[in-house]
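Here are my notes on the model you sent over, one point at a time. Have it open in your viewer while you read.

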Amino acid sequence: MSASLSGGLPDPPGVLRLGRRDFPAGHLVVMAIVNRTPDSFYRPGLTWDPAAAMERVHEVVAEGADIVDIGGVPARPGDEVDVAEEIRRTVPFIAAVRAAYPELVISVDTWRHGVGREACMAGADLLNDTWGGWDPRLIEVAAEAGAGIVCSHAGHLPPRTRPFRVSYDDVVSDVLEVTLALASRAVAAGVEPARILIDPAHDFGKNTWHSLEITRRLGELAGTGWPVLVSVSNKDFVGETLDVPVDDRLAGTLATTAVCAWLGARVFRAHQVRETRHVLSTISVIRGDLPPARVVRGLA
Amino acid sequence: MLTGAVLCPATPLLHPEVTGRDAVVPILRAACARAVTRLLSSEPDIVVVAGPAALTGEWDPAGRLDPSVFVPGIRRTGDRSLPPALGLGAFLLDQAGYTGRRRLQAVGLDEPASACIQLGMRLRETEAKAALLLMGDGSARRTLKAPGYLDNRATAFDAEVERAVRDSDLGALQRLDRRLAHDLLATGWPAWQVLSGALQDLAPAADVLYSDAPFGVGYLVAYLKTRL
């Protein structure tokens, strides 16, 4: 798959621009999850109370998060959360985070253009759409607001639905086709190329085998030249790999994170920020993109 | 003439390469194997595998499932375009050691009941001894964790299917509402209509070998023997 098929790649290549920050090619970015929901799959309700949610923001910023990702609707099926409710859950909180952290990159986890627009007006820098462009107007909102956008592959599923015997001739080819098409649309709509990411969206419209395959072949996504976001934290494919419940998936998550980082992913959406930051910094140091923190042993 | 029919779920979990190190559904797999063994005990000249697909049509009888469409990274074998329901039926026959003639009949999900029933009736109009292996599932909306989430109508719907099969009540199968089956993600609906057409007036005796929904999808395994 050739990067030239998508066109409009950022110049110089490798620069990822989000909000007021430019992330150089070697910098691995941590996106901290702060869910404004009572029923997300991991530690449900942890940050449902706004004060608890703000505490969590302070915590993840101190732990090294570059981006805070704020979402109001769980990915799994459940009680309907309409646009008004989703806005209620996320937008005032985004405004509060922006007021507390003028330079922090804020992303909003939504597929809906109405929510995206309000979120950007409140200070969001990035539209994290995990449902593969289900709402075609979301890209326009990114362009109008000068925000970034995540172009993801959700296996052609409507939002909040689970895969049911999904099959692919080649899941990676399908991921590339969908995400590159969305990236092209975003460029054409006027989104700044340096603000575009692609995301294979592990487990979205994919079974565990498919999620493992996109991990194994992450290099093909990175090879397109677009910065790759991965969201693997505590997901079911990790659980099925090891046969462990949701609260025991940290090691599997970090192993997958390290593999994705080694194969070229740039942004890592995580619950456990401190551990993820440590893994990514270690990878950067091993690769030579970053010097180790402090070296004395054997040299004194 | 038709010697008998078997209903099996069309879940990829039947295939050993799909479930990883754990067999996951060993009891279901064993029930399917027993049902198919009983079906083959009448020594049919031909086995017709029928199951849901996008479109109605016959497939190459030598067709085999390629599990790599669900499990990327394993060796590509078989026909990647073969509807999985038919591929799984072919797999069950292979597992049972069947080497005789077979026919792979896809039944389109949009086929009206009358077409499915007529297809079933035509399947038995053969001079050869034929056996029917029907692939299809109950509702995929049985629980909160089901692939299709929960629909409160799903359990009762599947219970009625099971009762109709157990009682060989072919009329009841034909009265199952197609729209409701579609809403409930019950992919077995075409198979049940084909079954009702195929066994009409043959007074079958039914045996239900398995009925459960361990993952929120209704799996039913049954063997129906015709009494002539």
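1. I'd start with strand 8 of chain A, which is covered on both faces. Ile196(A) and Ile198(A) sit on one side, Leu197(A) and Asp199(A) on the other, and all of them come out buried. Keep in mind that this is a predicted model, so everything here is computed from predicted coordinates.

2. Which strand does strand 8 of chain A run parallel to? That would be strand 7 of chain A, with four bridges joining the two. To find the register in your viewer, look for Ile149(A), whose bridge partner in strand 8 of chain A is Ile196(A). Another spot to check is Ser152(A), which stands opposite Asp199(A). The connection goes through helix 5 (residues 171–189) of chain A, and together with strands 7 and 8 of chain A this helix makes a right-handed β-α-β unit.

3. Strand 7 (residues 148–152) of chain A deserves its own look: five of its five residues are buried. Gly148(A), Val150(A) and Ser152(A) point one way, while Ile149(A) and Cys151(A) point the other way. That fits the textbook picture, since side chains in a regular strand alternate between the two faces of the sheet.

4. Strand 7 of chain A has another parallel partner in strand 6 (residues 126–128) of chain A, paired over three bridges. Here Ile149(A) turns up again, this time as the bridge partner of Leu127(A). To get from strand 6 to strand 7 of chain A, the chain passes through helix 4 (residues 138–145) of chain A, and this β-α-β crossover is right-handed.

5. Stepping back to chain A as a whole, I count along with the assignment: ten helices and ten strands. The radius of gyration is 18 Å against the 19 Å that the globule rule gives for 300 residues, so chain A is as compact as a globular protein of that length. Its C-alpha atoms fill a box of roughly 60 × 45 × 45 Å along the principal axes. Buried residues account for 49% of the 300 residues in chain A. As for contact order, take the contacts in chain A between residues at least 6 apart in sequence: 68% of these join residues at least 24 apart.

6. How many residues of chain A are in contact with chain B? The number is 13, and they touch 13 residues of chain B. On the chain A side, helix 6 (residues 208–216) gives the most, with three residues. By type, this side of chain A divides into six nonpolar, three polar and four charged residues.

7. Over in chain B, look at the open sheet: seven strands in the order 3-4-2-5-1-7-6, with mixed pairing. Strand 3 (57–59) and strand 6 (205–212) of chain B stand at the edges with a single partner strand each, so one side of each has no neighbour in the sheet. The twist averages 20 degrees from one strand to the next.

8. Within that sheet, strand 1 (residues 2–8) and strand 5 (residues 130–135) of chain B pair in the parallel sense over six bridges. Ala5(B) is a handy marker, standing opposite Leu132(B). Helix 3 (residues 113–124) of chain B lies across strands 1, 2, 4 and 5 of chain B, and runs at about 150 degrees to strand 5.

Note on methods: Residues numbered from 1 in each chain as written. Chains lettered and ligands numbered in written order. Predicted model: local features only at pLDDT ≥ 70, side-chain atom pairs only at ≥ 80, totals over all residues. Pairing = 2+ DSSP bridges. Axes fitted to C-alpha atoms, helices over the stretch in contact; angles between N-to-C directions. Contact = placed C-beta atoms within 7 Å. Buried ≥ 20, exposed ≤ 12 C-beta atoms within 10 Å, placed from the backbone. Right-handed = clockwise from strand over helix to strand, strands pointing away. Nonpolar A, V, L, I, M, F, W, Y, C, P; charged D, E, K, R; others polar. Rg over C-alpha atoms; globule rule 2.2 N^0.38 Å.
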